[in-house]
Amino acid sequence: MTADQSVASDSRVLPDALADFSLRQLLSFRAVAQEGSFHGAADALDYTQSAVSQHVAALETALGVRLFDRGRGRRTVSLTEAGLLLLRHVDPIADRLQAARADLVAYAAGETGTLRVGVFQSVGARALPAIIQRFDSEWPGIEVRLREVGGDEAGFAPVEAGELDLAFAVMPLPAGPFAGVELLQDPFVLVAKAGSPMAVLTSPPPIELIAEQKLIGFRTCRSTRRAEELLRATGHEPEFVLRSEDNGIVQAMAAAGLGIALVPLLAVDTTDPAIRAVLTGLDARRVALVWHRDRYRSPATNAFIEIAREVCAGLAAELTLGPGAGA
């Protein structure tokens, strides 16, 4: 057989092998890879363990390669190199199937159904209550299910996978199938212990002065990372003495004098007499509501987006520092 004949033969075999795949086989393979065992995959998919084993065995036969290493007496399995390669292609297929199912459920539901929304802490405390109250009044047949995400960028992955219909996040949007609308600009402030030198400032401090402070901030805030880059550009490496995702802890430690909190204003309780917030000249955090650009958006989803825009427009007008705070 010549080299050209070999290539032609391979090109004929591959489509036949691919035609032997089934969605159940691919989903069983992915579940075993995620759970690390056939038993765990069966529980996750609500299949029998023998069905999962048959699906994976059929897939290996169709491909002519072993996808998992199975040691005698071992309850767990591990992916082979071929399995790792296949998983890279199966993951996006499974995510799109889940997104397709969510679209069909939303389409069939009409004015009844479920709206799944991801939210991070500061938006959940300041903006979400008014949004939910108004949406519930106008769309009583829609159940809103909230999912707290770990930070202002953690909602993108579940939106892409079809696990969330909407998520609060920050602009700019990352690469991926995302669309969104900016809701408000959330200025960065310094939160200092009342009576401390930083607390008596009456105007935004120079960025070099901020860079020299012992700082407190969030761990995964996308906008905080951008602020850190600006501080670093002054030639100073920002010194963070505490990072936490909890707004209350960040503010309490600033009030105790551990350091100066560098946070968006939405995350601050400006009525706390133990602290004083001072505006900075750093770029504001651009709070947004995002969705999957290729997915169907129900009338209820569009209504939630519009209500969020209107509520946040009002909040933006009120987003000022209270009495005694720095201007």
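Let me start with strand β7, residues 188–193, which pairs with β11 in the antiparallel sense over five bridges. Within that pairing, Leu-190 stands opposite Val-278 in β11. Please keep in mind throughout that this is a predicted model. As for the partner strand, β11 covers residues 275–279, and because four of its five residues are buried, it is largely enclosed by the rest of the structure.

Now to the open sheet. It is formed by five strands, and if you follow them across you meet β4, then β3, β5, β12 and β6 in that order, with mixed pairing. At the edges stand β4, residues 142–148, and β6, residues 178–186; each of these has a single partner strand, so one side of each is left without a neighbour in the sheet. Between neighbouring strands of this sheet the average turn is 25°, with direction ignored.

One pairing in that sheet is worth looking at on the screen. Strand β3, residues 113–119, runs alongside β4 in the parallel sense, and the two are joined over seven bridges. If you want a landmark there, Leu-115 stands opposite Val-144 in β4. Helix α12, residues 299–318, packs on the sheet, where it touches β3, β4, β5, β6 and β12, the last of these being residues 285–292. The direction of α12 makes about 20° with that of β6. Another helix, α7, residues 128–138, lies across β3, β4 and β5, and runs at about 165° to β4.

Staying with β5, which spans residues 166–170, let me turn to the loop between β5 and β6, since that is the place of Pro-172. A cis peptide bond joins Met-171 and Pro-172, with omega at about 0°. Most peptide bonds are trans, and most residues other than glycine have a negative phi. That brings me to Asp-46, which is not a glycine and yet has a positive phi of about 60°. You will find Asp-46 in the loop between α3, residues 38–45, and α4, residues 49–63. Is Asp-46 buried or exposed? Its relative accessible area is 70%, and because the cut-off for exposed is over 50%, Asp-46 counts as exposed.

Next, the interior space. The structure holds one cavity of 30 Å³ or more, and about 50 Å³ of space lies in the largest cavity. Which residues line the largest cavity? The lining consists of Val-191, Phe-218, Asn-247, Val-250, Gln-251, Ala-261, Val-263, Ala-267 and Val-268. Two elements give two or more residues to that lining, namely α11, residues 247–255, and β10, residues 260–264. The largest share, three residues, comes from α11. In terms of character, the lining of the largest cavity divides into seven nonpolar residues, two polar ones and no charged ones.

Let me finish with the chain as a whole. Its secondary structure comes to twelve helices and twelve strands. Of the 327 residues of the chain, 43% count as buried. As for contacts in the chain with a separation of 6 or more, 75% of them are accounted for by residues 24 or more positions apart.

Notes. Residues numbered from 1 in each chain as written. Predicted model: local features only at pLDDT ≥ 70, side-chain atom pairs only at ≥ 80, totals over all residues. Heavy atoms only, no water. Buried < 20%, exposed > 50% of the residue type's maximum accessible area, 1.4 Å probe, protein only. Pairing = 2+ DSSP bridges. Axes fitted to C-alpha atoms, helices over the stretch in contact; angles between N-to-C directions. Contact = heavy atoms within 4.5 Å. 1 Å grid on protein atoms, 1.4 Å probe; cavity = no way out; pocket = protein on both sides within 12 Å on 5 of 7 lines; lining within 4 Å. Points joined across faces, edges and corners; volume = space filled by probe spheres on them. Nonpolar A, V, L, I, M, F, W, Y, C, P; charged D, E, K, R; others polar.
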